[in-house]
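This report describes one protein chain for a reader at the bench. Please keep the sequence and the model at hand while reading.

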Amino acid sequence: MRHLSDPRRRDILHAAAGAGAVAALPAFAAGEPPPETRRIRIARFPYDLTCVAPMWIAEELLRAEGFEAIEYMNRPAGDQQRGLAHGELDFAITDIFSVLPALDTGMPTVVLGGIHSGCFELFANPQVRSVRDLKGKTVVVANAGRKGFVSAMVAHVGLDPRKDVTFLEFPARQGMQLLEQGKVDAFLGFPPEPPELRARNIGVSVVNTASDRPWSQYFCCVAISSRDFVGRNPVATRRALRALLKATDICAAEPERVTRMLVERGFLKSDAYAAQALREIPYKRWREYDSADSLRFYALRLHEAGVIKSDPQKLLAQGTNWRFIEQLKKEMKT
């Protein structure tokens, strides 16, 4: 495990103070017990994904919450649920479209709360002016989570993603090239890809989930843990989630500083477009939006699209725990 140097530690704590995120930075708040475990394992990815930055800059905030061993474990994006289920991870931030199918298959994932909305953006050739225009078209996606979001959008406008759209799965960089070359009709971008697509004039934005309704009204990425970890460690769960939410505030307040830290610590390979992506992601919405409403909305869309088979209400009942996020919303009002 790599620890931050003292200057870097001061840097992130200064950023937290500037963001108003350290109201409880003494490790043990008055009347609050220490975490049941001092170890926590969090996912890291082998390629750039900007929007999950809060879990990568949270190390010193987690330390201030009483965790002593903070380990970042290499996992492919979208594979966090398996890591949690197998006891290899304790916490992660991931997209709803990866979580809901995992819950549908019975994985013991627990969704703890929404982190932000607005990270996905659909780009297409000029002939595609709306989601309805995807009928009969080819969409390239990088993984099952991105395919789930496009499926939800398609189902929402009355199309059947199983029949009306052809999906191709390629790594994101290759998918962007295919769109640029005119070999596919659309590509679903994930930060930091949207700022790069705009800067290079590749395709046109058809749906921007940071601003276009109804997508902008719901969380796309959530904090998750495992049923076992939450059951055995409720105090640690609350403390870890609080650290992630403080880190989310830092991302909203100081995107350039966050980008530098992520590149210096090896979580991002390049700062190209990363700071712009962080500026565009509406991190501040975690206090405003309803986590249960977001999961319900997308579970219904994915059920309509045939992506999940279980009753959406059943999934929410079995795979969520909103107690901690509701407590922290009251505690962290500013």
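The text below goes from the whole chain to a pocket, a pair of helices and a few single residues.

**Overall**

The model is predicted. Its chain contains 15 helices and ten strands. Of the 334 residues, 60% count as buried. Among the contacts between residues at least 6 apart in sequence, 82% join residues that are at least 24 apart.

**The second largest pocket**

The second largest pocket holds about 430 Å³ of space. Its lining is made up of 25 residues, and Phe97, Ser98, Pro101, Ala144 and Gly145 lie nearest the centre. Two or more lining residues come from each of helix 4 (80–85), helix 5 (96–104), helix 6 (144–156) and strand 7 (165–169). Which element gives the most to this lining? Helix 6 does, with five residues. Sorted by class, the lining has twelve nonpolar, nine polar and four charged residues.

**Helix 6 against helix 13**

Helix 6 also packs against helix 13 (residues 291–304), at an angle of about 80° and with 8 Å between the axes. An angle from 65 to 115 degrees counts as roughly perpendicular, and the two helices are therefore roughly perpendicular to each other. On the helix 6 side, the contact is made by Gly148, Phe149, Ala152, Ala155 and His156; on the helix 13 side, by Phe297, Tyr298, Arg301, Leu302 and Glu304. This contact has six nonpolar, two polar and two charged residues.

**Val141**

Val141 is part of strand 6 (residues 137–141). Is Val141 buried or exposed? With a relative accessible area of 1%, Val141 is buried, because values under 20% count as buried. Leaving aside neighbours within four places in sequence, Val141 is in contact with Arg146, Lys147, Val150, Phe167, Leu168, Glu169 and Phe170. Met176 is 35 residues from Val141 in sequence, and the C-alpha atoms of the two are 9.6 Å apart.

**Two cis peptide bonds**

The table gives the cis peptide bonds at Pro192 and Pro214.

| Bond | Omega | Place of the proline |
|---|---|---|
| Pro191 to Pro192, cis | about 10° | Pro192: loop between strand 8 (186–189) and helix 8 (193–199) |
| Arg213 to Pro214, cis | near 0° | Pro214: loop between strand 9 (204–208) and strand 10 (221–226) |

**Two loop residues**

Asn201 lies in the loop between helix 8 and strand 9. Its phi is near 55°, a positive value in a residue other than glycine. Asn201 counts as exposed because its relative accessibility is 68%, and the cut-off for exposed is over 50%.

Ser216 is placed in the loop between strand 9 and strand 10, and Pro214 is also found in the loop between these strands. At 2% relative accessibility, Ser216 counts as buried. What does Ser216 touch, not counting residues up to four places away in sequence? The residues are Ser117, Thr209, Ala210, Ser211, Arg285 and Tyr289.

**Recap**

Helix 6 thus appears in two settings: it contributes five residues to the lining of the second largest pocket, and it packs against helix 13 with the axes 8 Å apart. As for the loop residues, Asn201 counts as exposed, whereas Ser216 counts as buried.

Terms used:
Residues are numbered from 1 along each chain as its sequence is written. This is a predicted model: local features need pLDDT of at least 70, side-chain atom pairs count only at pLDDT 80 or more; totals for chains, interfaces and linings use all residues. Side-chain values use heavy atoms; hydrogens and water are left out. On a 1 Å grid over the protein atoms alone, a cavity is a set of points where a 1.4 Å probe fits but cannot get out, and a pocket is an open set with protein on both sides within 12 Å along at least five of seven lines; lining residues have an atom within 4 Å of a point. Grid points are joined across faces, edges and corners, and a volume is the space filled by probe spheres set on the points. Helices (H or I, at least four residues) and strands (E, at least two) are DSSP runs, numbered from the N terminus. Ala, Val, Leu, Ile, Met, Phe, Trp, Tyr, Cys and Pro count as nonpolar, Asp, Glu, Lys and Arg as charged, and the others, Gly among them, as polar. Axes are lines fitted to C-alpha atoms, for helices over the stretch in contact, and angles run from 0 to 180 degrees between N-to-C directions. Angles under 35 degrees count as roughly parallel, over 145 as roughly antiparallel, 65 to 115 as roughly perpendicular and the rest as oblique. Contact means heavy atoms within 4.5 Å. Buried means under 20% relative accessible area, exposed over 50%, partly exposed in between (1.4 Å probe, protein chains only).
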